[in-house]
Amino acid sequence: MSLAAFTGLSSLVNTRLADRRFWLGSLVTFCLFWVTARLGIDYGSLPPSNLTVVWLPAGIGLVACIALGYRAVIAIWLAAFLINLQDFTNLGGWQWGSELFHSFLAAPINASQAAIAYTLWRRFLGAPIQKSRQLWPLIGWVCLLPTALTLPILVANQAFGGFLPWDEVPNSLLTIWIGDSLGIFLVLPLYDGWRQNRRLSFKSLGWLGLSFSALVLILVLTFVLYPVFLGVTLLALLGLALQIGLLGSALGATALSIVALLATRQGLGPFHRLDPDHPDIAVILLMFSISLAVHIVGLQYSEIRRQRDRLQSAIDEQTNHLLNEIEELDQTRRELEDSKIFTENLIQAANAMVVLLDLEGRIQEINPIAEAITGYHRSEILGKNWFESIVPRDRYPNVWEQFKNCGTQDIPHNFENPILTKDGQERYIVWRNSRVFRKNECIGSVSFGIDITDRRASEKAWERQACYDFLTGLANRFLLQEQGQELLLLAQRHQDTLAVIFIDLDRFKEVNDNFGHEMGDRVLTEVAQRIRQSVRQSDLIARLSGDEFIAILPNTDAQGAAILAQKLQQQITQPILLNNRSIQLTTSLGISLYPVDGDDLEVLIKKADAAMYSIKEGGRDAFSFFTATIGQRLQERLEFEADLRAAIARDQFKLFYQPQISLKDNSIIGLESLLRWQHPRLGLLTPKDFLPIAIEIGLMEEIQQWVLKTACTQNALWQAQGLKSVPIGINFSGFPIQGFCPQIHDILAQSELRPQYIELELNEAILAEQELSGNKGLRQLKNLGLKIAVDDFGCSESTLACLRNEGLNRMKIDASLIQALEQDPSMQKIVTAIIDLGLSLGLRVLAEGVETEFQRQWLKQRGCHEIQGFLMSFPLPAEAVPEVLANGL
């Protein structure tokens, strides 16, 4: 160890001045050191040397270092300097240089003594005193050695300063050495005892105070009045040590030292009588001996008490452990009893089948649910073999295979299998199975089952609804894709041919229009039955939509496909008798072949569709194979469809507006929006060029939404500019009205256009559908506040039926009727009747396609309200409309 570390200088360098604990501890150390030194000098000296025989500041210095570390040396040095200065001044008179100098030299010696004692304490003890064997290193290393090292220097300093005669040096060395050692021996056990008993209860503290007071009283009586009580005093000291331990022995030894010192100083007590000439040596030796004895007794008793406590703790722990084990065993017994009762109740009350089998499959227990499902009473079935009576192994061998080795192998945790009930019905059960063990040996199995027979039936019904057409029972588009792909993969794997026939009924719409949709559905059912009877069992037949069917024929070449196409034509062409009516249909068929026309199912269907459309264009009632020419047309159609799908995103649609004129005053009473497509290659296209395809590929709703939004926004803009407010007519077709009503509401709200300025023009086919559905869509439109017009009136066979719909505002006579007025007198009678019909129904009547003055005058004379056509104005782009609204035509 370095000199700096030994003396504490290295720690002094690292002292943190802001440490509150350091400052408070230093202040307490300074005060205690100075006070005990002052009291020791004033009241602790004995003749003949008149030196302090118990130097408590030595012990206080060590304790301060233990509490604060080497930093406590500063406070010790200051207190020692002050004490030495006062003492030297009293001994030699005030001589400025000598007292100050020797006091300055003596203070580091006192501080070094504390530092050396602390260093040796750390080396040989390092912990509070708990055992009697720790007393010997305490006495030898911590008490005697530090004082022996420092006192010669201290005494020499006093002698050289003239404060101590040289002839008294030997006796002074002995007295101070033992007195400083005794001070450490008294104070350190007191400090350790306090540290070990800081958490004494109030009862223990009260007992300690009472015992200490009694001891002080006995000591006073012994040393002042009755020295013969010294034996009683020793007994009291031992009692305090036995009761409290080290703290009691330290308090007793300290009290004994103080009382004995004060009494001996006054010439009282047994120590003075033992050696009147040298009472100091007697006091020191007896106090040291008595203190050592009581410390040994106290520490031994404390050790015995700690061992007793540890033993008692171990006994308590073992006792508690045994009690816990007994409690656990008792709890386990109760739980087993409860578990047995619970298991029996669970089996009986479970909301599922419960079946217990032994290793041979014999039934050990079943619950009421299992009785109800199997049809067997418990008394009938117990003991019988499950795999013979309920799940016969000859009928369901796979079930027996899973369970026959239950004793040595795992069984399926989840399993589904049918069972046979008592009356022979087959019920499907899903099981949750577990093996049953007793003493680590499998004794059987327990199964919990739920009857899913009804659920399986529902699933099959749902599967049929999801995969089959509800009307005809044929496969739907979903099943066509799934099974058709499987047939195509088989053909590819075996290098077989495959044919796809696209079947479309010619003019089937006329059946619905003339006989109604109910009759049309019956016709479709009959056609589906005839197609099914015409094909093989291995062929796949599906209904795509409406009157379109698909036949996929595996292992069929071109010749076989042609033969089947002819057979289908013959079968479908035969008259269909329904409700005493004969309905005769023709059909158009298109055929594509694998691998000639492609190896993808969608491609083959599209090519068969294209071949069918070539027949439609050529006159119907025939069949055709896909050819290169048809392929070219198909490619053009696919490109046209792609362009149509991107038209909105590319801003290629435009709205033109044709004014509607009142025949009364020639004023503009409305505008009809007319959709045009500015195709990048084909130029400006009218709706007849692309709307049928848009309806077919499912784009009509998106286009209709764009038209409505554009027209509403444009009309709101014109009204905001102060132009004449007139409604805009918008044609509606291609998809149901009901689903579009929320979008109409949202568009009107976004454009802030009042609904009376939008007129939806519905053709007769839509109105006929509304008649069948109870006019729900029309009522929703009227609730929105829209106007509704019958568009192209007179060009359909269902004309009169559509007028029964409520909520109509206007009738628009089809342009084909108006354009025939001049050449066909009979048409004049028809149009006159139509106008009269509209007037009688309270509808506004508008004639479309007016192109001559004759037509205009004739219509005016017949009472027609409004007209529109090329005679008044061609369709106008949006930028030309403000001029017309402002100034008229």
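This is a short conversation about how some features of this predicted model get their labels.

Reader: Happy to start broadly: what makes up the chain?

Author: Welcome! The chain has 34 helices and 24 strands. Of its 889 residues, 47% are buried. Its accessible surface is about 44700 Å², and carbon and sulfur atoms account for 56% of that.

Reader: Why is Glu761 called buried?

Author: Let's set the value against the cut-off. A residue counts as buried under 20% relative accessible area. Glu761 has a relative accessible area of 1%, so the label buried applies. This residue sits in strand E19, which covers residues 758–762.

Reader: Which residues is Glu761 in contact with, leaving aside its neighbours within four places in sequence?

Author: Here is the list: Gln660, Glu672, Gly729, Ile730, Asn731, Phe732, Ala789, Asp791 and Lys812. Contact here asks for heavy atoms within 4.5 Å. Lys812, one of those partners, belongs to strand E21 and is buried too.

Reader: How do the side chains of strand E21 point, and are they buried or exposed?

Author: Strand E21 spans residues 810–813. Arg810 and Lys812 point one way, Met811 and Ile813 point the other way, and all are buried.

Reader: How do you know that E21 pairs with E20 and with E22?

Author: By counting bridges, with at least two needed for a pair. Strand E20 (residues 787–793) is joined to E21 by 3 bridges, and the two run parallel. Between E21 and strand E22 (residues 844–847) there are 4 bridges, again in the parallel sense. Both counts meet the requirement of at least two, so both are pairs. Ile813 makes a good place to look: its bridge partner in E20 is Phe793, and opposite it in E22 stands Ala847.

Reader: Why are helices H24 and H25 called roughly perpendicular?

Author: Helix H24 (residues 628–645) and helix H25 (residues 687–696) pack at an angle of about 85 degrees, their axes 11 Å apart. Angles of 65 to 115 degrees count as roughly perpendicular, and therefore H24 and H25 earn that description. On the H24 side, Arg637, Phe640, Glu641 and Leu644 make the contact; on the H25 side, Asp689, Phe690, Ile693, Ala694 and Glu696 do.

Reader: What kinds of residues make up that contact of H24 with H25?

Author: They divide into 5 nonpolar and 4 charged, with no polar ones.

Reader: And how many of the chain's contacts join residues at least 24 apart?

Author: Counting contacts between residues at least 6 apart in sequence, 65% join residues at least 24 apart.

Note on methods: Residues numbered from 1 in each chain as written. Predicted model: local features only at pLDDT ≥ 70, side-chain atom pairs only at ≥ 80, totals over all residues. Heavy atoms only, no water. Buried < 20%, exposed > 50% of the residue type's maximum accessible area, 1.4 Å probe, protein only. Axes fitted to C-alpha atoms, helices over the stretch in contact; angles between N-to-C directions. Parallel < 35°, antiparallel > 145°, perpendicular 65-115°, else oblique. Nonpolar A, V, L, I, M, F, W, Y, C, P; charged D, E, K, R; others polar. Areas by Shrake-Rupley, 256 points an atom, 1.4 Å probe, with all protein chains shown as cover.
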